Amino acid sequence: MEIKNFTITKRDGTVDRFSLDKIMSAIIKAFSSVNEPLDLGNVSKIISHLNIYNNIKVEDIQNQVEVALMKEGYYAVAKSFMLYRQQHTEDRETLE
C-alpha cells in the first residue's frame with residue numbers, strides 16, 4: 001500500500017499529510033506506558049491491520065489502532081491507548 005501521498009482529516013476539519021511516523025510513535029508510547037516489551041516486528045504486525053485511505057479521519061485511525069492492538073493480544077496497551085485518548089478528549093473539551 002502506497003501511503004506517503006495520503007491526507008488525513010484532523011479533528012478541527014483541516015487536512016494534513018498522513019504520517020506513519022505519528023502512528024508508530026503513538027503505538028510505541030502506549031507500549032512504554034505499561035512497560036510492555038516492543039520490537040519492530042510487533043509494530044509492523046499492528047500496522048498491518050490498519051486500513052489507511054485518503055482523507056481518513058484521525059479518530060478512525062485511532063479506532064483502528066485500538067482494534068489492532070487487541071487483535072494482537074495487547075489488551076493492557078490498548079487500554080492505556082484508550083485512556084490516553086479519553087484524557088485528551090476531556091482536555092480539549094475543557095479548553096473549549
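Strand β1 (residues 7–9) pairs with β2 in the antiparallel sense, and three bridges join the two strands. In this predicted model, Thr7 has Arg17 of β2 as its bridge partner. Both strands belong to an open sheet of three strands, ordered β2-β1-β3, in which the pairing is mixed. The chain as a whole has four helices and three strands.

**Sheet and order of elements**

- The edges of the sheet are formed by β2 (15–17) and β3 (56–57), each of which pairs on one side only.
- In the order β2-β1-β3, strand β1 lies between the other two strands.
- Read from the N terminus, the elements of the chain follow the order β-β-α-α-β-α-α.
- Two helices thus stand between the second and third strands in the sequence of elements, and two further helices follow the third strand.

**Helix α2**

- Helix α2 spans residues 40–48, and its buried residues are Asn42, Val43, Ile46 and Ile47.
- Viewed down the axis of α2, these buried residues fall within an arc of 130°, so they line one face of the helix.
- The packing partners of the buried residues of α2 are two other helices, α1 (20–33) and α3 (58–71).
- Leu40 and Ser48 are exposed, and they sit on the face of α2 that is turned away from its buried side.
- At the start of α2, a side-chain oxygen of Asp39 comes to within 2.9 Å of the backbone nitrogen of Gly41.

**Overall dimensions**

- The radius of gyration of the chain is 14 Å, which agrees with the value near 12 Å for a compact globule of 96 residues.
- Taken along the principal axes, the box filled by the C-alpha atoms of the chain is roughly 35 × 35 × 20 Å.

**Burial, contacts and surface**

- Of the 96 residues in the chain, 32% are buried, meaning that their relative accessible area is under 20%.
- Among contacts in the chain with a separation of 6 or more, 48% are made by residues 24 or more positions apart.
- The chain exposes an area of about 6400 Å², of which carbon and sulfur atoms supply 52%.

Key:
Residues numbered from 1 in each chain as written. Predicted model: local features only at pLDDT ≥ 70, side-chain atom pairs only at ≥ 80, totals over all residues. Heavy atoms only, no water. Buried < 20%, exposed > 50% of the residue type's maximum accessible area, 1.4 Å probe, protein only. Arc of directions from axis to C-beta. Contact = heavy atoms within 4.5 Å. Polar contact = N/O pair within 3.5 Å; in protein donor to acceptor, adjacent residues only side chain to side chain. Pairing = 2+ DSSP bridges. Rg over C-alpha atoms; globule rule 2.2 N^0.38 Å. Areas by Shrake-Rupley, 256 points an atom, 1.4 Å probe, with all protein chains shown as cover.
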